[in-house]
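Visitor: I'd like to get a feel for how the chains in this model fit together. Can you walk me through it?

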4 protein chains.
Amino acid sequence: MYSFKNDYAEGAHPHILQKLIETNLVQQSGYGEDAYSIKAKEILKQKIDNPDAIIYFVSGGTQTNLIVISSLLRPHEAVISAKTGHIYANEAGAIEATGHRVITIDSEDGKLKPADIENVLQAYSLRPHVVKPKLVYISNSTEIGTIYTKSELEQLSSFCRSKALYLFLDGARLGHALTAKNNDLTLSDIAAHTDVFYIGGTKNGALLGEAIIFNKPHLAKDFDYMLKQKGALLAKGRLLGVQFLELFRNDLYFSLARHANEMATKIADAMEAQGYPFLTPPCTNQIFPILPKPVIDELMREYDFYEWKVADEQRSAVRIMTSWATDESVVDAFIDRLKGIMN
Amino acid sequence: MYSFKNDYAEGAHPHILQKLIETNLVQQSGYGEDAYSIKAKEILKQKIDNPDAIIYFVSGGTQTNLIVISSLLRPHEAVISAKTGHIYANEAGAIEATGHRVITIDSEDGKLKPADIENVLQAYSLRPHVVKPKLVYISNSTEIGTIYTKSELEQLSSFCRSKALYLFLDGARLGHALTAKNNDLTLSDIAAHTDVFYIGGTKNGALLGEAIIFNKPHLAKDFDYMLKQKGALLAKGRLLGVQFLELFRNDLYFSLARHANEMATKIADAMEAQGYPFLTPPCTNQIFPILPKPVIDELMREYDFYEWKVADEQRSAVRIMTSWATDESVVDAFIDRLKGIMN
Amino acid sequence: MYSFKNDYAEGAHPHILQKLIETNLVQQSGYGEDAYSIKAKEILKQKIDNPDAIIYFVSGGTQTNLIVISSLLRPHEAVISAKTGHIYANEAGAIEATGHRVITIDSEDGKLKPADIENVLQAYSLRPHVVKPKLVYISNSTEIGTIYTKSELEQLSSFCRSKALYLFLDGARLGHALTAKNNDLTLSDIAAHTDVFYIGGTKNGALLGEAIIFNKPHLAKDFDYMLKQKGALLAKGRLLGVQFLELFRNDLYFSLARHANEMATKIADAMEAQGYPFLTPPCTNQIFPILPKPVIDELMREYDFYEWKVADEQRSAVRIMTSWATDESVVDAFIDRLKGIMN
Amino acid sequence: MYSFKNDYAEGAHPHILQKLIETNLVQQSGYGEDAYSIKAKEILKQKIDNPDAIIYFVSGGTQTNLIVISSLLRPHEAVISAKTGHIYANEAGAIEATGHRVITIDSEDGKLKPADIENVLQAYSLRPHVVKPKLVYISNSTEIGTIYTKSELEQLSSFCRSKALYLFLDGARLGHALTAKNNDLTLSDIAAHTDVFYIGGTKNGALLGEAIIFNKPHLAKDFDYMLKQKGALLAKGRLLGVQFLELFRNDLYFSLARHANEMATKIADAMEAQGYPFLTPPCTNQIFPILPKPVIDELMREYDFYEWKVADEQRSAVRIMTSWATDESVVDAFIDRLKGIMN
């Protein structure tokens, strides 16, 4: 049984483990003041062309989202998110638990557009009887595998600025977005067009770890307190520093994501060749082909993946996810199996 | 300029003010331990046929909602409400500020049905990645003037019990609901079919005040602490006790609500006679006739009321609200004015 | 049985009730936008010599404290208070419930001095492992009846400014402080030397009500949302407006407080004449004489008051509290009774 | 420069890294459902003799404390802790940020006794004006290196049970406590006498990780939601599972702690031989010798450690901390250096 259920079924890329062993007994300061974290932050600042950025490493995505958002908002302020957004759909009310409403927007492709947000602002105008929308949360790639174009991000960014809204980008799978074949954004574009974003390590080769990047330093004021208060400041911060150092010193991060995308694309191409449609256009490491139920049943005898959404009585969209660790031979075998079912 | 904008534009019913004067200099214990509060609670327990009920008086509806809900829920539990529900639409995120998501249901008539809630339970089943729905919030009358029938409330109550969901009824305008012409519920029905509910005084003759009634005493455990912690325990609790005593010792509460309903019905009948449709069937003290824009403009020269919702290019629904203090002569003059416009 | 337990055992001053009756049926806007609230705010701004101040009226002191403090602080910031401070000793954790630590200082007289606060700042310097002290909370008069001198307040204010700490003054009994015989502060001094303060109505002649005054307008940004979110925005805000208008249009507020102080002073003088010492020097409407237990027992047969603190095996400090409503004949009878016990 | 500042200056014990490498590419379920976590929990349940215990692994101590405590308490309930307790002294207000007061007790040795807690209960009796103490938080070993005896823990446990207080033990350094030379407690004693406790991995050989153990299963109800909501549920939970498996399958955990204790004891013995007193009796891996300032200055030229507390004008207590990674040759060299200073 091989799993295509998610991109965190294996441990870390071997280079990372190797680096952990090499550095293991070197004494270091705790709580993120270690030499590896400091070096990794320097490299990241260069890659985003922003020497003034403020960077912190934490353990996971939900943790990142709740700490960043609660640190930026006053009690009466709210977040705007796609209904499919991770903070609304998958985080057990983590944002509301910090006191803030998540206002949702229905979005076919998981992305937000200025017009969507304008509607929210109008619906929330009867001050003080409603919350005040203050932060726009987006993901790239989105929770349904789609990506933002440069033009889309620019428009959104410009709109948010005009309305005094913060723009925060969840990059749990940012590597996959930026190495998608149809992508036209760079890491420094992301930095230029958002107030805060994060680069996800957990789903792209690290044991755990996300890099939070404040592009505007004043927004990071006292953020160290927030990390400590929410239990996110690891005593051995070196564990995060070493990993990001290894992922970014030679762009391992991007080559891992590219591999994951290629494996997914190979499967998508094979499915398209069989005539299967998709829920959203496949471009990153998660694809949502719509398959006949007997095909699904047959594939599930040897492979694990999620049945995502019932399409009609005969068919369902499924989610197939690949990762840095997905071996091409496994992909080939899966495609063979798929072809076999049809014949 | 006469206002039909809301039912809290005047002070209190004169009997209440009179009672405040009569009792003014009698020394009393503070924080709700005064003789008037104790007596008022006794009367209310009789009226709902539940000697074991636990009752507290507080200042307002938002305060009630946030304290009751946050006292009943654990951090990961959520509330289900109609999208028009006061806690979602009009309370500035008060519930989320206590840490809990409000899950909304689109509802034409502002009411909730078991099937709506069943859908939510299914959508929130992927534990622990989602919040746990635990409390159903309804209003009677609703924020758009509709009321629950006995059969509807029974079904909802029974469904909630079967799913271990609390049922909490917001009775900011419970008097208007229970004296509506098509109502078949009694105060003791309300008590029998909910876990907690409140009886609103502010919008029906009191200066301020809502009576929170826990029909199941164990749900009120330590509720006094909650009131104090949220700033809801008035030093001079007598102010609330005296008012509820006066409202309920001779059913003044119901006669005031009935008057408000009758005034609204009179207007509704006149509008219906003119051929105007309604957004929701008029039955309580707030009605939503759909009027041609010139008619609205003309009426607004002498009367204040809300334009509620654009119906089409020519027409909008407006909200006309009456109260215990609405004089019949004013209503008659308004109807005359309305008829005048048409001719 | 006559009660000297507190200063909220009666209702409101008759002038206030009279005004409520006079204005009762005049239609007004809700939520604090009524003409009485607007007028009362104008008068208060004149009295504090600050036309830019931002003022809101709310129901009670705990409510005021929790909303003001939580509106000013970010999640990692903390409040400094005397251990006897109302927010620490009497509010059921209301401040902590909004997420903030109350750091306490032991203080014999219930007041805070710059040196006390300097000690706290030093103890809380190991960022980010500790909270960040950001607001100093004081009361005048204090919870044990003492008052600040002008010089003390100036020093504290200047120290707080130098350390970027907010200074917030709880004036639940500000009237009693400012009319104490040894007082040298004015209402405009209070405004000049604090960032925010409130004037308590509940304990000085109102049915309920406190006036929150932001001396620096930018600190009140979006405060209306906070009020609504915490359930403090009364639909019939007129109830608060009318009362403050009546209390301040002719300085009724101060004459009521002066009366309360005089009644307490009369009792204190009689006790001093009998040779009884005091826990703190008597100057406002609450006094803490230290009495032999048989005297306490004897007085308690006819009068209600709190035994406050055991002094030694033979004696306890008691708390005697007077109010605007304390009749001089009652005070005289009490003094007679006291003298009688000795003979 | 060698550091004795803390016990988290190095990475993980080599056996743990080896196990991470061995298991790295085995696909596993996410979020703690991996085979390693399941196996590690089984072993721990055997070691504490409680097959019904419910166990979760998380990243760090502050995270553990805030999630466990906030999951057990209702909004008005408070925690009791020594003033030196980690939750009060070192966690940036993490507990208050979840809404709960930490009530502190001054304690010379960092431990709590029933009489201390009884005093708190009496001070917090004026319901509902005060919070309700509900959970007692202790650490073993304490933040100042002391340990509980079996008899002390039994008495505390029995007292808490009699008062319906939860007893929660912070075991960030539980290994060091249980392998101290004067210890008479076992892991199963800890389980038997607390409601919840945790076993710290971070400070005893793991990269990160703490094992939360609910000895009474009903207290763990819905705890998975809490973990997710607070951002503590790692996608690759295997990282924690593998480490605890390796630490406990052959009692590596205890041998590492014993080593750390022995290294500290060796230093303590040498200091005692020189005639230096201690702030608290040395028994675990952190010792607090009181040294003349010139000795401190001299040692600090080659070694890093904290000056903890000024003792008098000539002397300060310092904190020397050893760990599983402290090499005996380093300790010997340090002792030689110490002896050298004296001659």
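Guide: Here come some questions and answers on this predicted model.

Visitor: Let's start with chain B and chain C. What is the area buried between them?

Guide: The contact draws on 44 residues from chain B and 45 residues from chain C. Carbon and sulfur atoms give 58% of the buried area. As for the area buried between chain B and chain C, that comes to about 3800 Å².

Visitor: How many salt bridges are there across the interface of chain B and chain C, and how many residue pairs in polar contact?

Guide: Salt bridges go first: the rule finds zero of them across the interface of chain B and chain C. Polar contacts are another matter, with both residues of a pair needing pLDDT 80 or more. On that count, chain B and chain C share 22 residue pairs in polar contact.

Visitor: Which elements of chain B each supply at least two residues to the side that touches chain C, and how many of that side's residues are charged?

Guide: The elements that pass that mark in chain B are β1 (2-3), α1 (14-23), α3 (61-72), α5 (94-97), α10 (223-229) and α11 (238-249). By class, this side of chain B has 23 nonpolar and 15 polar residues. The charged ones number six.

Visitor: What kind of axis relates chain B to chain C?

Guide: In general, a rotation about an axis and a shift along it relate two copies of a chain. Here a turn of 180° with a shift of 0.0 Å along the axis lays chain B on chain C, at an RMSD of 0.0 Å. That is the relation of a two-fold axis. The same surface serves both copies, and the share of chain B's contact residues that recur in chain C is 100%.

Visitor: Now chain D and chain C. Which three residues of chain D supply 39% of the area it buries against chain C?

Guide: This contact takes 17 residues from chain D and 17 residues from chain C. The area buried between chain D and chain C is about 1300 Å², and carbon and sulfur atoms give 43% of it. The three residues behind that 39%, more than any other three, are A92(D), E96(D) and R101(D).

Visitor: Which residue of chain C forms a salt bridge with E96(D)?

Guide: Side chains of opposite charge can pair when their charged atoms come close. Between chain D and chain C the count is two salt bridges. In the one formed by E96(D), the closest N and O atoms are 2.7 Å apart, and the partner is R101(C).

Visitor: How many residue pairs are in polar contact between chain D and chain C, and how many nonpolar residues does chain D bring?

Guide: The polar contacts come to ten residue pairs, both residues at pLDDT 80 or more. The side of chain D that touches chain C includes five polar and three charged residues. Its nonpolar residues number nine.

Visitor: Do chain D and chain C meet through the same surface or through opposite ones, and what rotation superposes them?

Guide: Of the interface residues of chain D, 100% are also interface residues in chain C, so the copies meet through the same surface. Superposing chain D on chain C gives an RMSD of 0.0 Å with 0.0 Å of shift along the axis. The rotation is 180°.

Visitor: Where does R127(A) sit, the residue that pairs with D224(C)?

Guide: The side chains of D224(C) and R127(A) meet in a salt bridge, 2.7 Å from N to O. This pair crosses between chains, and its D224(C) end is in helix α10 (residues 223-229) of chain C. R127(A) is in the loop between α6 (114-123) and β5 (132-139) of chain A.

Visitor: What is the phi of A92(C), and where does A92(C) lie?

Guide: Most residues other than glycine have a negative phi. A92(C) is not a glycine, yet its phi is positive, about 50°. Its place in chain C is the loop between α4 (86-89) and α5 (94-97).

Notes. Residues numbered from 1 in each chain as written. Chains lettered and ligands numbered in written order. Predicted model: local features only at pLDDT ≥ 70, side-chain atom pairs only at ≥ 80, totals over all residues. Heavy atoms only, no water. Contact = heavy atoms within 4.5 Å. Buried area = accessible area lost by both parts, 1.4 Å probe. Salt bridge = Lys/Arg side-chain N within 4 Å of Asp/Glu carboxyl O. Polar contact = N/O pair within 3.5 Å; in protein donor to acceptor, adjacent residues only side chain to side chain. Helix = DSSP H or I, 4+ residues; strand = E, 2+ residues; numbered from the N terminus. Nonpolar A, V, L, I, M, F, W, Y, C, P; charged D, E, K, R; others polar. Least-squares fit on C-alpha atoms with pLDDT ≥ 70 in both.
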